[in-house]
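I opened this notebook page to record a few look-ups in one structure. The entries follow the order in which I made them.

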Amino acid sequence: MPGSAQRPLLFLDVDGPLIPFGAAPQPYPTYPTGTEPLDAPANPLLTRINPEHGPRLAALPCEVVWATTWMADANECIAPRIGLPPLAVVIWPEPTDVDAQDERDGLHWKTRALVEWAAGRPFAWVDDEVTDTDRAWVASHHPADALLHRVDPRHGLTDGDYAALDSWLGQLP
Ligand SMILES: [Mg+2]
C-alpha cells in the first residue's frame, strides 16, 4: 500500500466543476444544507453544490487538493457541506512578468503553480478553463503522468467526468 506521498493528486477547481454556472435562463437545482458557519457571509452560489460530490470525490484513489480562487475558504465553506475533511490548498503566487507572458501565450495562470505544487507526482487537474495549451505545457514540464480534464461549467462534474477520472487513475502505474 503506497503512502499518501505516492498517491496521485487531484487538483480541484470550484467555480465550474462544483458550482455550475452559465446555463441561463433555467434555474439550477439547489441543495441547502445549513452547515455553513453562522458568521460566514451568505453566498447563494454555495447552494448549487450537489453534496453527492463529496463522497464521489473521496472514493477516488487520489489526494484531492483545492486549486481554486476560493483558497482557504473552500475548506471553510465547501468541504463541510459536502462531507469532505479539510484538504490541502494551493496558495497562488503573486502575478509576475512571467504570468503576463503566459497570458499572452494562452497558458492558464494556474498551470505553472500546479506543476510546481505537484513536484513530480502524477496529477489530474479538473477545471472548466483548461486548454490544449496547458496540456502541451504540462507534457513538456512535468515528468509524471497528468490528466488535464475540462469540465463543462454549465453542468459541473457529471457521471462522465467521474468515469474519465476513475479510468485515468486506474491505469496509472
Ligand atoms: Mg473555474
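The entries below concern a metal site, an acidic residue in a helix, and a further helix.

Entry 1. I note at the outset that this is a predicted model.

Entry 2. I looked up which protein atoms serve as donors to the magnesium ion. I found D13 (OD), D15 (O) and D128 (OD), lying 2.1 Å from the ion. Along the chain I read their spacing as D-x1-D-x112-D. I placed D15 in the loop between strand 1 and helix 1 (53-58), and D128 in the loop between strand 4 and helix 5, so this pair ties together parts that are 113 residues apart in sequence.

Entry 3. I then asked of D15: is it buried, partly exposed or exposed? I recorded D15 as partly exposed, because its relative accessibility is 27%. I recorded D128 as buried, because its value is 9%, and the cut-off for buried is under 20%.

Entry 4. I turned to D102, which I found in helix 3 (residues 97-105). I listed D102 as buried because its relative accessibility is 6%. Setting aside neighbours within four places in sequence, I found D102 in contact with L107 and R112.

Entry 5. I examined helix 4 (residues 111-118) and asked which of its residues are buried. I noted T111, A113, L114, V115 and A118. I looked up what covers these buried residues, and the cover includes strand 1 (9-12), strand 4 (123-127) and helix 5 (132-141). Just after helix 4, I recorded a positive phi of about 50° at A119.

Terms used: Residues are numbered from 1 along each chain as its sequence is written. This is a predicted model: local features need pLDDT of at least 70, side-chain atom pairs count only at pLDDT 80 or more; totals for chains, interfaces and linings use all residues. Side-chain values use heavy atoms; hydrogens and water are left out. Buried means under 20% relative accessible area, exposed over 50%, partly exposed in between (1.4 Å probe, protein chains only). Helices (H or I, at least four residues) and strands (E, at least two) are DSSP runs, numbered from the N terminus. Contact means heavy atoms within 4.5 Å. Donors are N, O and S atoms within 2.8 Å of the metal (3.2 Å for Na, K and Ca); water is not among the atoms, so sites may look incomplete.
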